[in-house]
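Subject: Structure handover

Hello,

Please find the structure below, followed by notes on what was found in it. The notes start with the pocket and then move on to the chains and to single residues.

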Amino acid sequence: MSAVRRVQQWATFGRMWYLYDCKWQNPLDSADKIVPYLDGSHKPIFHPLNDSGDHVVVINSRDIAFPGDEWEKRVYFHHTGYAGGATWTLAWQLHEADPTMIIRKTIYNKLSKNLLRRGRMARLHIFPDDKIPDSILKNVSGQMRQLRPVPRRLDHYPQEQVENFPKIFDWPKDHVIN
Amino acid sequence: MFVMWFVKVASSLMRTPKSRTEQHYYGRKQNCYSVAIKYVHRALRYNTLARKLRKNDARELWTTRISAGCTELGTKYPDMKLMMDESSIALDRNMLQNLAIWEPRSFRALALLTKSRQEVGLNSLEGPSPVGVVTRGML
């Protein structure tokens, strides 16, 4: 195989590791975006039995943002298998107990319900903050764009940039704003 | 008095040599004719029904592949279909997915055509009206 062909082969069939920052993102919409990457259905060479899925590393899962009153209303069902072992846990309670569970359950429920699901979930790596082990960070080869724009806080801008920003008008020094 | 219940059980061996259909079945379904024949008939019925399902599955796979290729190039599959209908480009889904895999530059040309079709021209009523023109919402 020539060098060009070898590069093309690696570029086509190499398994990518994508990074997704789900800070202030809707977990339901994020799952809609992540699932095709785990399946491999974002590639034209897709086949369900081809094992063409990629790895996705999800960071900042502690900072996900459900819309509206979902934190109070959404429930997660669990049954231990024993009699009387059914529990309905509210989203905020589950998130307090384990900050990676919500995004994991959302993606698990969105994947196709067949025997390939467990293997695809094994390629999903979720971290509650941005501390990633070096072994995984070395593999990351791409990043997925966030769905909702994350605005920058005013106190995170450097002081001189805030002061030097052009102003049309400013209050006089003895004016009381109240 | 002890009463025994007699149950009639199919125990006769296959009358024909082992054909392909029931060769890998479990237990008596493999060896006894009257048990196996029901499952063989079911398998043949599934075979005839699957002729249509195979075509549906293939079409679904082609659609997934084409929409994956479209998303990579910044368009969408429904938009591409619309562009092809309007421009009388008679490529079916099979051809399109082959182009997406084996002829990426041709597929990219189709995606660029789709995007150019969606551009709003100067004369169009769809986009924003030119600056400095007061219409009061009437245009």
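The largest pocket holds about 870 Å³ of space. Please keep in mind throughout that this is a predicted model. The lining of the largest pocket is made up of 28 residues. Those that lie nearest its centre are Gln8(A) and Thr12(A) from one chain and Ala100(B), Ile101(B) and Pro104(B) from the other. Four elements give two or more residues each to this lining: helix H1 (3-13) of chain A, and helix H2 (33-72), helix H4 (93-102) and helix H5 (104-118) of chain B. H1(A) contributes the largest share, with 7 residues. Sorted by class, the lining has 14 nonpolar residues, 7 polar ones and 7 charged ones.

Pro104(B), one of the residues nearest the pocket centre, is found in helix H5 of chain B. Its relative accessibility is 48%, so Pro104(B) counts as partly exposed. In sequence, Pro104(B) and Gly69(B) are 35 residues apart, while in space their C-alpha atoms are 8.8 Å apart.

Leu112(B) also lies in helix H5 of chain B. With a relative accessible area of 42%, Leu112(B) is partly exposed. Leu112(B) and Val133(B) are 21 residues apart along the chain, and 32 Å separates their C-alpha atoms.

Chain B as a whole

Chain B contains 5 helices and 0 strands, which gives the pattern α-α-α-α-α when read along the sequence. The chain has 139 residues, and buried residues make up 21% of them. For contacts in chain B between residues at least 6 apart in sequence, 40% join residues that are at least 24 apart.

Helix H2 of chain A

Helix H2 of chain A covers residues 27-39, which is 13 residues. From its first C-alpha to its last it reaches 18 Å, close to the 18 Å expected at 1.5 Å a residue. The helix is nevertheless bent: at Lys33(A) there is a bend of about 25 degrees, and Pro36(A) follows within four residues.

Which residues of H2(A) are buried? They are Pro27(A), Leu28(A), Ser30(A), Ala31(A), Ile34(A), Val35(A), Tyr37(A), Leu38(A) and Asp39(A). The cover over these buried residues includes three strands of chain A, namely E1 (17-21), E2 (55-59) and E5 (124-126). It also includes three helices of chain A, namely H3 (70-73), H5 (101-110) and H6 (117-122).

Helix H3 of chain A

Two residues of this helix are worth listing. Trp71(A) is found in helix H3 of chain A, and Lys73(A) lies in helix H3 of chain A as well. Are they buried or exposed? Trp71(A) has a relative accessibility of 18%, which is under the 20% cut-off, so it counts as buried. Lys73(A) is at 59%, which is over the 50% cut-off, so it counts as exposed.

Leaving aside neighbours within four places in sequence, Trp71(A) is in contact with Ile64(A), Phe66(A), Ala91(A), Trp92(A), His95(A) and Ile102(A). Ala91(A) appears again in the spacing for Lys73(A): these two residues are 18 apart along the chain, and their C-alpha atoms are separated by 7.4 Å. Trp71(A) and Trp10(A), by contrast, are 61 residues apart in sequence and 43 Å apart in space, C-alpha to C-alpha.

Positive phi in chain A

Asp51(A) is not a glycine, yet it has a positive phi of about 55 degrees. Asp51(A) is found in the loop between H2 and E2 of chain A. At 44% relative accessibility, this residue is partly exposed.

Asn60(A), also not a glycine, has a positive phi of about 60 degrees. It lies in the loop between E2 and H3 of chain A. The relative accessible area of Asn60(A) is 9%, so this residue is buried.

Regards

Technical notes. Residues numbered from 1 in each chain as written. Chains lettered and ligands numbered in written order. Predicted model: local features only at pLDDT ≥ 70, side-chain atom pairs only at ≥ 80, totals over all residues. Heavy atoms only, no water. 1 Å grid on protein atoms, 1.4 Å probe; cavity = no way out; pocket = protein on both sides within 12 Å on 5 of 7 lines; lining within 4 Å. Points joined across faces, edges and corners; volume = space filled by probe spheres on them. Nonpolar A, V, L, I, M, F, W, Y, C, P; charged D, E, K, R; others polar. Expected span 1.5 Å × (residues − 1). Bend = angle between axes of the 7 residues up to and from the residue. Buried < 20%, exposed > 50% of the residue type's maximum accessible area, 1.4 Å probe, protein only. Contact = heavy atoms within 4.5 Å.
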